[in-house]
Amino acid sequence: MSLSMSPETRKESGASHGSVFWWRLAALLALVALFAGILLTGVSVWFLGSVALAGAGGAAYTFNFHIPAALIRMFAMARTAAKYGERLVGHKAALLDQVSRRAALFSAMAAAPKVRGAGWQLGDRTGLRISSTMSRTWI
């Protein structure tokens, strides 16, 4: 018997629909962070180049530096917020996947006829392994 989740079990537990949304949101936030970083780099390079050209010429006093500076701040904050959100949402999706996979694994183990037929409980082998390891004396 396979220990993986069947499509019926996955549909019943809602594991695929719940975590897929969070994975897609994490991917979207990662793309937002990527594009915000690219735009931040582009605007920064353009701003530095235009300031250098304005300073070299006579347009230093009439150069408007407020809009490019605001764009740089906006893209930097957008990149930071998107990266933070992507980390939070990605961790939530990973933990939801882990919960659904563990639940499916333990339900498959509990339903397996070999485990029940041998008379083992799910934690017996782990308990025996730990007790045998703890009873050894190390020199």
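**Note on a predicted five-helix chain**

1. Read from start to end, the protein chain runs α-α-α-α-α. That comes to five helices and zero strands. The model is a predicted one, so every point below should be read as a comment on a prediction.

2. Burial across the chain. The protein chain has 139 residues, and 19% of them count as buried. Contacts are another matter. Take the contacts in the protein chain with a separation of 6 or more: 73% of them join residues 24 or more positions apart.

3. The nonpolar core. Which residues make up the largest nonpolar core? There are five: Leu40, Val43, Phe47, Ile72 and Phe75. Helix H2 (15–56) and H3 are the elements that give two or more residues to this core. H2 supplies the largest share, three residues.

4. Ile72 within that core. Set aside the neighbours within four places in sequence, and Ile72 is in contact with Leu40, Val43, Ser44 and Phe47. Leu40, Val43 and Phe47 are core members along with Ile72.

5. Aromatic pairs. How many aromatic pairs does the structure hold? It holds two. Phe21 and Trp22 form an edge-to-face pair, 5.1 Å centre to centre, with 75° between the planes. Trp22 counts as partly exposed because its relative accessibility is 24%, and partly exposed covers the range between under 20% and over 50%.

6. The other pair. Phe47 and Phe63 are stacked, at 6.4 Å centre to centre and 25° between the planes. Phe47 lies in helix H2 and Phe63 in the loop between H2 and H3, so this pair ties together parts that are 16 residues apart in sequence. Are the two partners buried or partly exposed? Phe47 is buried, because its relative accessible area is 16%. Phe63 counts as partly exposed, because its relative accessibility is 24%. Phe47 also belongs to the largest nonpolar core.

7. Ala54 and the loop. Ala54 is found in helix H2. It counts as buried because its relative accessibility is 10%, and the cut-off for buried is under 20%. What does Ala54 touch, not counting residues up to four places away in sequence? The list is Ala59, Ala60 and Phe63. Phe63 therefore appears twice in this note: as a contact of Ala54, and as the loop partner of Phe47.

8. Leu29, a contact point in H2. Leu29 has its place in helix H2. Residues up to four places away in sequence are not counted here; beyond them, Leu29 touches Ala82, Gly85, Glu86 and Val89. Leu29 and Arg79 are 50 residues apart in sequence, and their C-alpha atoms are 9.2 Å apart in space.

9. Asp97, worth a look. Asp97 is found in helix H3 (residues 66–111). Asp97 is buried yet has no salt bridge. Which side chain of opposite charge is nearest to Asp97, and how far away is it? It is Arg101, at 4.7 Å. That falls outside the salt-bridge cut-off, because a salt bridge needs the side-chain nitrogen within 4 Å of the carboxyl oxygen.

10. What Asp97 does contact. Its side chain makes a polar contact with the side chain of Trp23, at 2.7 Å. Leaving aside neighbours within four places in sequence, Asp97 is in contact with Ser19 and Trp23. Trp23 is thus named for Asp97 both as a polar contact and as a contact in the wider sense.

Key. Residues numbered from 1 in each chain as written. Predicted model: local features only at pLDDT ≥ 70, side-chain atom pairs only at ≥ 80, totals over all residues. Heavy atoms only, no water. Helix = DSSP H or I, 4+ residues; strand = E, 2+ residues; numbered from the N terminus. Buried < 20%, exposed > 50% of the residue type's maximum accessible area, 1.4 Å probe, protein only. Lys, Arg positive; Asp, Glu negative; His and termini not counted. Polar contact = N/O pair within 3.5 Å; in protein donor to acceptor, adjacent residues only side chain to side chain. Contact = heavy atoms within 4.5 Å. Core = buried A, V, L, I, M, F, W, Y, C linked by side-chain atoms within 4.5 Å. Phe/Tyr/Trp six-rings, centres within 6.5 Å; stacked < 30°, edge-to-face > 60°.
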